Amino acid sequence: MRKGSIVALLGFGLIAGGVAAAVALVPTWLPEDASREAGRIAFTFWFVIAICIFIFAIVAAVMTYAIMHFRVREDDFEDGPPIHGHTGLEITWTVIPFLLVTSIAIVSAIVLSRNDAQAQNTLRVNVTAQQFEFTFSYPDANNATSPVLRLPKGRSVELYMRSEDVIHSLFVPQFSQKEDIVPGLVTQLHITPTRLGTFPLECTELCGLGHSLMRSQAIVMEPAAFDAWLGQQKKSAAPAPPSAPSTTSTSTTPTSPSAAGLSVFNSNGCSSCHTLTAASAAGTIGPDLDKLVAYAQQAKQPLVPFIHESIVNPNAYIQPGYPKNLMPQNFGQLLTKTQLDALVAFLAHSAQGKKG
Ligand code: CUA
């Protein structure tokens, strides 16, 4: 091989490799990592990209060189010389891809097994997915529930995920992992947050009309702040002592029944699906709650029992124009009696205000 050819091949290779590397490195393709697992996944990604750029540079260089130097002359109608293969070349182009693909498999296997490995002192969080919301509950805090996923920085977390209805999928881009949530199964996801902040948490499996609204947040907190929050949840989720006053009495509630109901409404994602002026909610997937008085009349029921039944047993009366089973069937069970009563009172009060 002539020296000039080698220089030309190298030059083409460097140019092609440089352009490919710029395309890979200059735009921000991935969100900034916020977990140890995401860092390992990013490593695998860049490992594969580096191999791809290397192969691309070789192929592009050889192709450009061949196009320029082995072009057929205009008056040349001859067939090329017969070639019966080249054993050395064939072994080379089989062995190199074999080694590269095997190395990708090994790196991926190591990353997967490390990402799934249980660490010491793992925090367990139970995740319930249903159309169209996530609920997170903490066994360390008497199963206190939260509509957002709060996690302590630096601690290993294991999510145990169940679905109440159809297949959903949990995804936080900054954690790089996705896991399906399948009815009848408990799927797991292991996360070790490394960065404080609030990150979007979304459903990434088309699960019905409200799929695009099935969003929440993952909030990574300082461990001390998280422990304080968890302690607070534990207290409020503690079962009431037997001597506690009746939960229907509002005299012991520090907030007004309306404010309490509004906070139940807001913290349970009702606004994703329903319209309610009193809560500045404009969802259109479920019935318009400003029209509850008219709906109760159509259902031939008094307002308050109608609202109560529609929450605890949503299929009892289906407003024409809306499908059955759209409202989470166990929604009422997720609320305490106090929360349920506050929500019913709030909805009845807001609907009556709308009547005139
Ligand atoms: Cu749940 Cu999409």
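These are my notebook entries on what I looked up in this structure, which is a predicted model.

**Entry 1: the largest nonpolar core**

I began with the largest nonpolar core, which holds 38 residues, and I noted that F134, Y138, L159 and L170 touch the most other members. I then asked which elements give two or more residues to this core, and found a list made up of strands and one helix: strand 1 (123-130), strand 2 (133-138), strand 4 (149-152), strand 5 (157-163), strand 8 (187-191), strand 9 (197-203), strand 10 (215-221) and helix 4 (223-237). Another core lies apart from it, with 26 residues, and V293, I307, I311 and L347 are among them.

I took Y138 as a residue to follow up and listed its contacts, leaving aside neighbours within four places in sequence. The residues in contact with Y138 are L123, R124, V125, N143, A144, S146, V148, L149, R150, F226, W229 and L230.

**Entry 2: backbone points in the strand region**

I looked next at the backbone, starting with F132, whose place is in the loop between strand 1 and strand 2. The peptide bond that leads from Q131 into F132 is cis, and its omega is near 0 degrees.

N143, which I had already listed among the contacts of Y138, lies in the loop between strand 2 and strand 3 (144-146). I noted that N143 is not a glycine and yet has a positive phi of about 60 degrees. Its relative accessibility is 44%, so I entered N143 as partly exposed.

I found a positive phi at S176 too, about 65 degrees, although S176 is not a glycine. This residue has its place in the loop between strand 6 (168-171) and strand 7 (178-181), and with 32% relative accessibility S176 counts as partly exposed.

**Entry 3: cysteines**

How many disulfides does the structure hold? I found 0 disulfides. For C270 I checked the distance as well: the nearest cysteine sulfur belongs to C273 and is 8.6 Å away, and C270 is in no disulfide. A disulfide would need the two sulfur atoms within 2.5 Å.

Is C270 buried or exposed? C270 counts as buried because its relative accessibility is 11%, and the cut-off for buried is under 20%. I also looked up C203, which is buried with a relative accessible area of 6%.

**Entry 4: the largest cavity**

I searched for cavities of 30 Å³ or more and the structure holds 1. The volume of the largest cavity is about 580 Å³. Its lining is made up of 34 residues, and those that lie nearest the centre of the cavity are H274, P287, L289, S310 and M327.

By class, I entered 23 nonpolar, 10 polar and 1 charged residues for the lining of the largest cavity. Helix 6 (292-298), helix 7 and helix 9 (337-353) each supply at least two residues of this lining, and the largest share, 4 residues, comes from helix 7.

**Entry 5: two C-alpha pairs**

L289, one of the residues nearest the centre of the largest cavity, also came up when I looked at T277, because the C-alpha atoms of T277 and L289 are separated by 8.4 Å while the two residues are 12 residues apart along the chain. T277 is found in the loop between strand 11 (275-276) and strand 12 (281-282), and I noted it as partly exposed, with a relative accessible area of 43%.The second pair involves N313, which lies in the loop between helix 7 (303-312) and helix 8 (331-334). N313 and N330 are 17 residues apart along the chain, and their C-alpha atoms are separated by 8.0 Å. With a relative accessible area of 35%, N313 is partly exposed.

**Entry 6: the second largest pocket**

I closed with the second largest pocket, in which about 340 Å³ of space lies. Which elements give two or more residues to its lining? They are helix 2 (36-69) and helix 3 (87-116), and helix 3 provides the largest share, 6 residues.

The residues that I listed for the lining of this pocket are F54, I55, I58, V59, V62, L89, T92, W93, I96, P97 and L100. They divide into 10 nonpolar and 1 polar, with no charged residue.

Notes
Residues are numbered from 1 along each chain as its sequence is written. This is a predicted model: local features need pLDDT of at least 70, side-chain atom pairs count only at pLDDT 80 or more; totals for chains, interfaces and linings use all residues. Side-chain values use heavy atoms; hydrogens and water are left out. On a 1 Å grid over the protein atoms alone, a cavity is a set of points where a 1.4 Å probe fits but cannot get out, and a pocket is an open set with protein on both sides within 12 Å along at least five of seven lines; lining residues have an atom within 4 Å of a point. Grid points are joined across faces, edges and corners, and a volume is the space filled by probe spheres set on the points. Ala, Val, Leu, Ile, Met, Phe, Trp, Tyr, Cys and Pro count as nonpolar, Asp, Glu, Lys and Arg as charged, and the others, Gly among them, as polar. A nonpolar core is a set of buried Ala, Val, Leu, Ile, Met, Phe, Trp, Tyr and Cys residues joined through side-chain atoms within 4.5 Å. Buried means under 20% relative accessible area, exposed over 50%, partly exposed in between (1.4 Å probe, protein chains only). Contact means heavy atoms within 4.5 Å.
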